[in-house]
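Please open the model in a viewer and keep the sequence panel at hand. The stops below are arranged so that each selection leads to the next.

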Amino acid sequence: MIEIKRAHKEQSAEIARLIMIAMTDECCLYFCGEGYGLTDFHKMMTSLVERTDSQYSYKNALVAMDNDKLVGVAVSYDGALLHELRQVFIEVAREQIGKDHSLIDDETQAGELYLDSLAVIPEYRRQGIAQRLLKATKEKANQMKIPCVGLLVDKGNPAGESLYLSVGFRYVNDNQWGGHPMKHLIL
């Protein structure tokens, strides 16, 4: 029986691994400086998940659990806090993966709970877990009194877009982020 729960700090390394699955290896490497790789990126992401002042904080994560096994994650935060939360990413990335991201594009804004990362481990996919995480994220937005959940989906990810549309997300506009053309969707 899969349960959706709030994450705990002890799950940080696993959450970081799932965030990287959501981002794709190509995107993770895009964010790394010269001479840094996926192991370095995972170490950095784990340190960000362990913190309470990061957009990737375990405090912003909902996890899907199969007994004691973490099988999925949804990381979301108040879009109004983007610049404050991102500052931690900028500082840690400069320090740990040798790259300055201070000019990175905004992916969200006030008025939406931004779904930064959604991932389910491969052997648990196509069982409705992602849909349950999305619905739990919408409940989180309601509890926080934030009017909608927003996200960016890569235009080259039709399966992801189909998943989001199937639970009620709708297209708002086109966007560009991380070197990729994206669609901005809200629920």
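**Strands E4 and E5**

Begin by selecting strands E4 and E5, which run parallel and are joined by three bridges. The model is a predicted one. E4 covers residues 112-120, and E5 covers residues 148-154. For one specific pairing, display leucine 113 together with valine 149, its bridge partner in E5.

Add helix H5, residues 129-143, to the selection: E4, H5 and E5 form a right-handed β-α-β unit.

Remain on E5 and consider its surroundings. Six of the seven residues of this strand are buried, so E5 is mostly covered. Next, select strand E7, residues 180-186, which pairs with E5 over five bridges in the antiparallel sense. Within E7, histidine 184 is the bridge partner of leucine 152.

**The nonpolar core and helix H3**

Which residues have the most contacts inside the largest nonpolar core? They are Ile15, Phe41, Met44, Met45, Leu118 and Tyr164, in a core of 65 residues. The element that gives the most to this core is H4, with seven residues.

Before turning to H4, select helix H3, residues 38-50. The end C-alpha atoms of H3 are 18 Å apart, which agrees with the 18 Å that its 13 residues should span at 1.5 Å a residue. Colour Phe41, Met44, Met45, Thr46, Ser47, Leu48 and Val49, which are buried in H3. Among the elements covering the buried residues of H3 are helix H1 (12-23), helix H2 (25-31) and H4.

Centre the view on phenylalanine 41. Not counting residues up to four places away in sequence, phenylalanine 41 touches Met20, Met23, Cys28, Phe31, Cys32 and Ile97.

**Helix H4**

Now select helix H4, residues 82-96. H4 has 15 residues and reaches 21 Å from its first C-alpha to its last, close to the 21 Å expected at 1.5 Å a residue. Its buried residues are Leu82, Leu85, Arg86, Val88, Phe89, Ile90, Val92 and Ala93. Show H2, H3, strand E3 (69-78) and strand E6 (170-177) as well, since the buried residues of H4 pack against these elements. Just after H4, glycine 98 takes a positive phi of about 60°.

**The loop between H4 and E4**

Follow the chain into the loop between H4 and E4 and select histidine 101. Is histidine 101 buried or exposed? Histidine 101 counts as buried because its relative accessibility is 7%, below the 20% cut-off. Its side chain reaches the backbone oxygen of phenylalanine 31 at 2.8 Å. Beyond residues up to four places away in sequence, histidine 101 touches Phe31, Phe89, Ile90 and Ala93. Phe31 is thus a useful residue to keep displayed: it is touched by histidine 101 and by phenylalanine 41.

Finish at threonine 108, which lies in this loop between H4 and E4. With a relative accessibility of 6%, threonine 108 counts as buried. Display glutamate 112 beside it: a polar contact of 2.6 Å joins the side chains of threonine 108 and glutamate 112. Leaving aside neighbours within four places in sequence, threonine 108 is in contact with Tyr77, Gly79, Leu82 and Tyr114.

Notes:
Residues numbered from 1 in each chain as written. Predicted model: local features only at pLDDT ≥ 70, side-chain atom pairs only at ≥ 80, totals over all residues. Heavy atoms only, no water. Helix = DSSP H or I, 4+ residues; strand = E, 2+ residues; numbered from the N terminus. Buried < 20%, exposed > 50% of the residue type's maximum accessible area, 1.4 Å probe, protein only. Polar contact = N/O pair within 3.5 Å; in protein donor to acceptor, adjacent residues only side chain to side chain. Contact = heavy atoms within 4.5 Å. Expected span 1.5 Å × (residues − 1). Pairing = 2+ DSSP bridges. Right-handed = clockwise from strand over helix to strand, strands pointing away. Core = buried A, V, L, I, M, F, W, Y, C linked by side-chain atoms within 4.5 Å.
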